[in-house]
Amino acid sequence: MTSLLAFADKTPNADAVAIAPTMGWLMLAAAVCVALIFILHAEKWRRWWLTAEDPRGIAVFRIVFTFFVICNINGMWEFFEYLYTDEGIFTTDVARQVFASQQFAGFGDGLTPDDPWGFYDWDAFVLFLQGPKYSLLFFWDSPTFFWAHLWAFEICAVLFMIGFRTRLFGVLTWFLMNGILARNHLAWEGTELVYRVMLVYLVMARSGHAYSVDNWLRCRKLRRLGLLSEPDGPGGGAGTGPSEEHPRGLEPIYRLIPSWPRKLIMLQVATIYITTGTLKTGSVWLNGDSLYYALNLDHFYRLPPQYLSSLAGTQVFRAMTWAVKVGQTGFSLIIFGLVARFVIDQRFAPLPAARRWASRLAFAGLIGLTASLIYVAYPVHFTPPVSPELFTGLWVGLWAGLWLLWRKLTVRPFIIRRILGRTLHRPVVIDRRWVCRWVLGRRVLLVWHLAFHAHIFTLMNVGQFQTGMLACTFAFLQGHEIATILRDVGHRLARVFPRTLGRLIPRRVVERQPILPAADPTLPSHHRDRARLPQWALLLALGGIVIGILVQVRIAPSWDYRLVWVATAGVLGLVALVTARRARIHRIDRAGAPDDASTPDDAGAPDDPAARRRLAPWGYGPFGRLVIGSLLAWQLSAVAVWLMPNKDCLSSFRPTARKAVATWLQRTTTDQGWGMFAPNPPRSNVFMKVLVTDAGGHVWDLKTDVYAEEQKPIPWIWNTRLRKMNRRIIGGESGPNSWYRKWYARYQCRQWAREHGGQAPQKVELVKVWYSIPSPDQTRKNGYYVAEDLLARSGHEKVSYTARCKNDVQGQMPNFIRERDGLPLLPEGEYRPWHKNKRDKWERRRKRASEAAAQ
Amino acid sequence: MTLLAVRLIDLAIFGSLGALWIGGAVFIVVLYRWILRFEASTPPSGADVVPKTPEPTPTLAPTPELASAVPVPQLAAASYRAMASHP
């Protein structure tokens with residue numbers, strides 16, 4: 001359905017705009033159905049998100065991912081001063097104005113005596129605190145300060161990676177990394193989004209509970225006190241409860257941690273794929289030519305691909321393109337497979353009949369509403385050559401078929417006894433579990449994920465995007481799986497290198513002994529209680545959210561409609577408080593008996609020790625579950641709203657809906673967009689040429705892009721952000737980026753002066769250079785081409801911007817840089833700063849606010 | 001003629017892609033072998049495979065040292081198996 005929505009024209013589509021309100025109501029009703037399904041299955045929801053797990057999965061993710069976080073920032077090494085200091089493209093005041101003007105509206109630039117540097121008043125400081133661009137580099141960004149900031153980041157990130165004071169250095173790494181990135185967006189790629197979003201989820205996890213200096217120090221201390229459960233002692237490393245011999249019990253080596261951050265990372269990877277997959281709706285993708293064009297972009301390939309393209313462009317590449325398209329769209333099924341396996345394994349008690357039917361009704365409603373969305377949107381978008389009635393019917397039929405298939409797999413699975421005429425040694429039972437393991441399983445979809453990124457990494461150079469995404473693979477593995485993999489790999493390495501690695505690797509690994517267990521889930525120190533929000537409270541919360549939306553749409557009050565949501569949250573909090581107290585009283589009444597909702601049965605369960613062993617304990621107590629559970633529901637909803645495609649048929653409500661969640665997502669650095677090569681990849685190679693006319697009238701080509709031989713090393717191994725920045729400045733990227741040109745040209749004016757004894761050039765011209773990539777069929781027919789020859793034969797050039805260095809704002813090198821470099825200072829008045837009159841604007845703004853308050 | 005005109009560097013990509021495909025195929029074989037062995041060694045989770053409370057190890061002499069020797073491996077396996085149903 002999202003794909004269908006994404007098939008929209010770029011020009012305003014009046015018919016699509018007209019149906020937007022209808023689409024909005026249908027989507028709201030569909031969202032309510034989804035929420036109802038989750039509420040009716042609340043026990044599954046909360047056990048999935050809020051229980052505790054083995055920490056080793058997220059610990060390995062921490063190590064690998066943080067290593068690439070460091071690599072990603074260091075990948076911009078050659079441009080650090082250009083991007084992030086006052087000697088670069090944006091001086092401090094300009095950076096504040098172009099990237100965070102609202103946040104710094106009350107901050108003086110210090111350019112004139114009546115506009116001193118600093119916050120004008122307390123309100124201005126409060127405005128800054130509201131965010132979302134928190135960066136020290138907006139205040140101090142001399143090269144010295146920047147390098148100190150950078151080294152602080154490097155040190156914090158390394159300490160986070162090795163797990164020393166993990167939570168503290170995780171937060172500092174996140175803050176310092178975003179401090180660098182927020183200072184300048186010019187070099188941003190999808191890579192930055194991956195690292196920002198995943199890092200904040202990782203910081204939320206207690207990833208230092210395994211494979212960390214923290215845990216090593218903790219175990220050493222506990223061992224000294226005789227409080228650690230040793231691998232060859234009581235508990236086997238998994239801990240024991242208090243006993244006569246150990247009155248305080250023994251602590252496990254690997255404590256259990258809340259599992260939701262790892263699951264959020266998995267869901268985020270699935271979200272990236274399904275978003276980018278469904279947005280890839282252009283004709284180039286549908287024709288299967290995207291890989292051909294992407295591979296033939298001169299800014300990306302590691303080795304010249306033209307000869308291979310001429311041979312494989314019309315068959316192999318097309319098959320690979322479709323494999324990417326289908327794989328990206330279908331990857332998110334991995335989450336369904338994981339959740340379905342979880343539900344099967346946990347053996348949830350059947351829902352009471354009324355709730356079962358309510359759930360079915362909500363699901364049927366969801367299908368009906370999505371069918372309505374398709375039917376309504378059908379006339380205004382790309383239409384396959386079938387009638388809307390037939391297409392909608394097929395959609396409903398598809399879901400009916402899937403439901404029947406799932407039922408068949410549940411009740412009477414397929415049993416295969418013979419394949420290709422041969423009787424199998426053991427029949428294969430194709431049931432739900434088999435489908436979840438194979439068709440929807442990690443072993444298939446993660447292998448596709450690895451293959452996809454390995455191909456991009458091998459053939460193209462797009463920096464640390466692939467490594468970041470590949471690191472996320474570890475988030476899909478459970479702790480004991482990671483431990484087993486490490487043991488088996490270590491064991492094999494020790495056999496291959498017995499004299500070196502065989503001596504370094506722990507004996508347990510070399511001898512392939514059983515892995516150390518995580519904490520015993522039955523330990524009394526874990527959270528096990530019966531507190532839970534009643535179903536009616538959850539329905540009340542849903543009602544409050546819907547009422548808030550209705551108030552905004554129907555009444556549009558002068559007060560913030562989100563106050564309805566806040567009030568709803570307050571009521572929910574009160575209910576939770578009462579529920580937790582009751583649960584506590586229940587526990588006290590039953591003192592001595594095992595206290596736990598020990599099976600995930602809504603109707604309550606016997607206190608079965610076996611079930612206690614089967615089920616993971618809670619990650620938090622009742623209050624923690626309420627807070628984290630609410631935030632998770634909010635985060636998932638916010639990301640879903642944020643990623644609604646920018647189409648005319650959603651135009652009546654998308655901006656308002658995004659505004660409602662923007663504050664949260666931007667401040668948590670989880671705002672995101674995944675339209676890579678969507679709807680179509682570029683079909684021409686675009687470069688930026690910089691021509692400088694010096695004081696003597698001589699024109700110099702700075703050779704800033706791969707049209708120049710020195711900028712095109714082959715094979716291309718180390719990534720450079722230069723190419724991305726050039727495309728963004730000169731118009732090779734989507735989005736309103738042309739404003740960068742004047743600042744870049746002015747920077748070149750200053751830089752030229754800096755490198756030529758303070759002598760400014762006359763002018764700087766930015767020239768767009770481009771040539772079209774021949775189609776796959778042309779290349780196949782005419783043979784491969786040599787990029788340099790084709791550019792010389794069919795390239796175009798156009799001057800996109802000209803800066804007159806003497807007169808343009810900031811076209812002159814300011815005196816504070818001249819002083820640093822020991823160059824002659826400019827006479828008074830020759831430097832032209834950017835006067836923004838912020839003080840006057842701020843005073844007027846304050847006056848308007850006080851007048852409004854008086855009325 | 002087309003092939004004769006090709007530069008050596010234009011052929012390098014075949015080596016890269018070929019190495020990737022061969023390496024990838026080997027990786028998949030190794031991975032699937034490991035998965036199948038791992039599954040065979042780990043019973044599926046669920047109530048029917050919940051490990052029983054470990055029985056005490058028979059001891060010949062009830063010395064204090066031996067009395068504390070709880071049968072570790074069973075408890076250890078039970079512990080991680082309990083988590084195994086959490087994807």
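Is A:C219 buried or exposed? Select A:C219 and turn on a surface: this cysteine counts as buried, since its relative accessibility is 8% and the cut-off for buried is under 20%. Keep in mind on this tour that you're looking at a predicted model.

Next, hop over to A:C472. This one is buried too, with a relative accessible area of 0%. Try drawing a distance from its sulfur to the closest cysteine sulfur, which sits in A:C71: you'll get 15 Å, too far for a bond.

So where is there a bonded pair? A search of the whole structure turns up one disulfide over all chains. Select A:C749 and A:C805 to see it, with the sulfurs 2.0 Å apart. The pair ties together distant parts of the chain, 56 residues apart: A:C749 lies in helix α32 (residues 740-755) of chain A, while A:C805 is in the loop between β10 (796-804) and α35 (815-821) of chain A. Check the torsion about the S-S bond as well; at about -65°, it makes the disulfide left-handed. Both ends are tucked away: A:C749 is buried at 1% relative accessibility, and A:C805 is buried at 0%.

Last stop: show residues 260-279 and 316-330 of chain A, helices α12 and α16. Their axes come within 7 Å and cross at roughly 135°, so α12(A) and α16(A) are oblique to each other. The crossing of the two is left-handed. For the contact itself, display A:Y273, A:I274, A:T276, A:G277 and A:T278 on α12(A), facing A:K325, A:Q328 and A:T329 on α16(A). Colour these by type and you'll find two nonpolar, five polar and one charged.

Technical notes: Residues numbered from 1 in each chain as written. Chains lettered and ligands numbered in written order. Predicted model: local features only at pLDDT ≥ 70, side-chain atom pairs only at ≥ 80, totals over all residues. Heavy atoms only, no water. Axes fitted to C-alpha atoms, helices over the stretch in contact; angles between N-to-C directions. Helix = DSSP H or I, 4+ residues; strand = E, 2+ residues; numbered from the N terminus. Parallel < 35°, antiparallel > 145°, perpendicular 65-115°, else oblique. Left-handed = near helix turned anticlockwise from the far one by under 90°. Contact = heavy atoms within 4.5 Å. Nonpolar A, V, L, I, M, F, W, Y, C, P; charged D, E, K, R; others polar. Disulfide = S-S within 2.5 Å. Buried < 20%, exposed > 50% of the residue type's maximum accessible area, 1.4 Å probe, protein only.
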